[in-house]
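Here is a walk through one protein chain and its ligand. Start at the ligand, then move out to the loops and the whole chain.

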Amino acid sequence: MSAAVARVGVVGGGQMGAGIAEVCARAGLDTVVCEVDAVAARAARDRVAASLDRAVRRGKLERAAARDALARTVFTGSLDDLADRQLVVEAIVENPDAKTEVFAALDKIVTDPAAVLATNTSSLPVMRLGMATSRADRVVGLHFFNPVPVLPLVEVVSSLHTSAETTLAVEDFATRALGKTVIRSQDRAGFVVNALLIPYLLAAVRMAESGFATAAGIDAGMELGCAHPMGPLKLADLIGLDTVASIAESLYDEFREPLYAPPPLLQRMVEAGLLGRKTGRGFHVYAQG
Ligand SMILES: NC(=O)c1ccc[n+]([C@@H]2O[C@H](COP(=O)([O-])OP(=O)(O)OC[C@H]3O[C@@H](n4cnc5c(N)ncnc54)[C@H](O)[C@@H]3O)[C@@H](O)[C@H]2O)c1
């Protein structure tokens, strides 16, 4: 990857992909977002537009800058449109088979031999995604935090195959182009932040599940007693309960520690489609839109 990345691709335009695309576009980069089809691409565009609009209303962004950012972002339903990208960040669902398929396809589609393929996975081994390509030395974890335009942290995760040059190039991209702060992590499930955060969220789910306290009580306890900006069940709802369950499964697969095992209530809520904010109901109820 050349020092100055000008053309970025993002695969997946959900909460994270839309946020990553937004920060890239706001940094002046030519950005292409690829979703599963044209309808999902349109929804991704609406997500980015709504977030830019919020930033303008809050006085964080000029109206003209928001317009320019949206204008330099293309939304597509075809991975082929990422052929000329220098950096692609994959941010699709936390599903190992789906992600492996995307990396194998990107490897064939992205033409620049120096291009870097990054994953925003929260918990899956970066090395396995690298091994699905012919360029494992240029596959790296670039783990953003939700909401991406607001939270400054990016974890950079190098697999055993990632070259030092790739690690330095994406660190430079995240800090200089996007203005983020980077911490490095080894390629272990959960990296630094989720390895600490997920057991805490699961403990809160178990507490609600056992009737020990209500969801509102648990959240109020941590907000008012520990000055956390958001209680654990509100945070789980924000992340998405499907994503929390997937990360927990990856952590449990890797470490076999009971504290990482997803509790039955979490599994049932995911099966029921109660995924948190993105579906309007999780441990709390949210106004749609
Ligand atoms: N939610 C969080 O707080 C958070 C934080 C950091 C990292 N992550 C990681 O980011 C990734 C995405 O999470 P999210 O919260 O944005 O999920 P999400 O469900 O909001 O979005 C996923 C998007 O991927 C799209 N998608 C699925 N398969 C695709 C494919 N083959 N090609 C293109 N698009 C495809 C879906 O249509 C959907 O819009 C996951 O790996 C997750 O672990 C999530």
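A polar contact is a pair of N or O atoms within 3.5 Å; within protein, one must be able to donate a hydrogen and the other to accept it, and residues adjacent in sequence count only if both atoms are side-chain atoms. This is a predicted model, in which local features need pLDDT of at least 70 and side-chain atom pairs count only at pLDDT 80 or more, while totals for chains, interfaces and linings use all residues. Residues are numbered from 1 along each chain as its sequence is written, and side-chain values use heavy atoms, with hydrogens and water left out.

Look for oxygen atoms of the ligand. One lies 3.0 Å from a backbone N or O atom of Q15. A polar backbone atom of M16 is 2.8 Å from a ligand oxygen. K278 uses its side chain: a polar atom there lies 3.2 Å from an oxygen atom of the ligand. Taken alone, the ligand exposes 830 Å², and the protein buries 84% of that (Shrake-Rupley method, 1.4 Å probe; for residues, only the protein chains shown count as cover).

Which elements give two or more residues to the shell around the ligand? They are α1 (15-26), α4 (96-109) and β6 (139-144). Helices (H or I, at least four residues) and strands (E, at least two) are DSSP runs, numbered from the N terminus. There are 23 residues around the ligand, each with a heavy atom within 4 Å of it. M16, E35, E94, K99 and S122 come nearest. The shell divides into ten nonpolar, nine polar and four charged residues. Ala, Val, Leu, Ile, Met, Phe, Trp, Tyr, Cys and Pro count as nonpolar, Asp, Glu, Lys and Arg as charged, and the others, Gly among them, as polar.

Now turn to the loops. Between β6 and β7 (153-158) sits P147. A cis peptide bond joins N146 to P147, with omega about 0 degrees. A227 lies in the loop between α8 (215-226) and α9 (232-239). Its phi is positive, near 60 degrees, though A227 is not a glycine. A227 counts as exposed at 65% relative accessibility (buried is under 20%, exposed over 50%, partly exposed in between; 1.4 Å probe, protein chains only). R256, in the loop between α10 (241-255) and α11 (264-271), has a positive phi of about 55 degrees. R256 is exposed too, with a relative accessible area of 54%.

Finally, step back. The chain has eleven helices and eight strands. Of its 289 residues, 51% count as buried.
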